[in-house]
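Thank you all for coming; I would like to walk you through one model this morning, beginning with charge pairs and then moving on to the sheets and helices. Please have the sequence and the structure open as I talk.

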Amino acid sequence: MERSVLFFDIDGTVLSEVTGQVPESAVRAFKAAQEEGHLLFINTGRTACCVPSTIRKYRFDGYLCGCGTYISYKDEEIFYSSIERNRGKDIINKLVECRLTGVAEARDDVFFPERVTSYDGLESFRRSFRKYGIGVEQPLERGDFIYDKMFIYANEKSDLQTFFAFIADDMDAIDRGDGTYEIIQKGRSKGTACEQVLKLLGIPKERAYVFGDSSNDLDMFRFADHAVAMGKHADVLEPYTEFVTKTVEEDGLEYAMKHYGLIH
């Protein structure tokens, strides 16, 4: 089989959200795919500093992070895009003004609100990142830093429409459900990152395979001819899914890669 490029989301795709581990079947499949000559990339909404050690210890050929804002290949950074510093400050100020909260995500750090919030998901992120020294340098409200994207939280008091109108020229919002939104740079996505890597490697799109489960995988599903949805996945992926595999806990990655003849 000709060499192909495989792009994997992390959470719910490679990393089980049930066990917090990468299944042995996935590790076995990664090794077998690379022995066949295929190239393997992580393609995640997480910024580079937030890719967990449980992923980094495996021999991926590169990392596409922050919804297409950072790309590395063979340990070399080949692309990076951030929000201009003053524009980033203005977005944070508007976030506060619109009674929203969230985190600003950078290549090297994450910035949390100064005060503890009422959002359980945000506080869970804060606790988990602080164990690794992430998110402790300065609070979100100070805004004296460069960042790449945001993850925001809204409730019934939030003025989402005003905030979305303010960012519309240069940012897009991905609805992640339950009042949460991923705010990404316009023109950057998991799909644009896939396209850049294929151009770099000189490999046609028909030999690209993407694996994902959530709404922020939508752009890479729209891009790829071969889009594999995990057994548990967001409905928004359905129109662009070529094959539905099993869940990650049920050896879904190995199952899909065998289905396509990528491994034997």
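How many salt bridges does a search of the whole structure find? The search finds 19, where a salt bridge is a side-chain nitrogen of Lys or Arg within 4 Å of a carboxyl oxygen of Asp or Glu.

Before the details, please keep in mind that this is a predicted model, in which local features need pLDDT of at least 70 and side-chain atom pairs count only at pLDDT 80 or more, while totals for chains, interfaces and linings use all residues. Residues are numbered from 1 along each chain as its sequence is written, and side-chain values use heavy atoms, with hydrogens and water left out.

Let me start with Glu182 and Lys149, which form a salt bridge whose closest N and O atoms are 2.7 Å apart. This pair links distant parts of the chain, since Glu182 sits in strand E10 and Lys149 in strand E8, 33 residues apart; strands here are DSSP runs of E of at least two residues, helices are runs of H or I of at least four, and both are numbered from the N terminus. Glu182 is buried at a relative accessible area of 2%, and Lys149 is buried as well, at 1%, where buried means under 20% relative accessible area, exposed means over 50%, and partly exposed lies in between, with a 1.4 Å probe and protein chains only.

A second pair is Lys186 with Asp172, whose side chains meet at 2.7 Å, N to O. Lys186 lies in the loop between E10 and H6 and Asp172 in strand E9, so this salt bridge ties together parts that are 14 residues apart in sequence. Lys186 is partly exposed at 39% relative accessibility, and Asp172 is partly exposed at 30%. Salt bridges that share partners also join Glu105, Lys149, Arg176 and Glu182 into one network.

Within helix H3, the side chains of Lys94 and Glu97 meet in a salt bridge at 3.0 Å, N to O. Because they are three residues apart in that helix, about one helical turn separates them. Which of the two is buried and which is exposed? Lys94 counts as buried at 14% relative accessibility, whereas Glu97 counts as exposed at 51%.

Now to the sheets. One is an open sheet of five strands in the order E7-E6-E8-E10-E9, with antiparallel pairing, and two strands pair if DSSP finds at least two bridges between them. Its edge strands are E7 (110–111) and E9 (171–177), each of which pairs on one side only. Strand E6 (residues 101–105) is joined to E8 (residues 149–153) by five bridges, with Val103 having Phe151 as its bridge partner in E8. Helix H3 (residues 85–97) lies across E6, E8 and E9, running at about 5° to E8; axes are lines fitted to C-alpha atoms, for helices over the stretch in contact, with angles from 0 to 180 degrees between N-to-C directions, and contact means heavy atoms within 4.5 Å. Helix H5 (residues 160–167) also packs on this sheet, touching E8, E9 and E10 (180–185), and its direction makes about 10° with that of E10.

There is also an open sheet of eight strands with mixed pairing, in the order E5-E4-E3-E2-E1-E11-E12-E13. Its edge strands are E5 (76–80) and E13 (243–244). In strand E11 (residues 208–212), five of the five residues are buried: Ala208, Val210 and Gly212 on one side, Tyr209 and Phe211 on the other. As a general point, side chains in a regular strand alternate between the two faces of the sheet.

On one side of E11, four bridges join it in parallel to strand E1 (residues 5–8), where Phe8 stands opposite Phe211. E11 also pairs in the parallel sense with strand E12 (residues 226–229), over four bridges, and here Gly212 stands opposite Ala229.To close, consider Ser4, which is placed in the segment before E1. Ser4 is buried, with a relative accessible area of 1%, and, not counting residues up to four places away in sequence, it touches His38, Leu39, Arg207, Tyr209 and Leu262.
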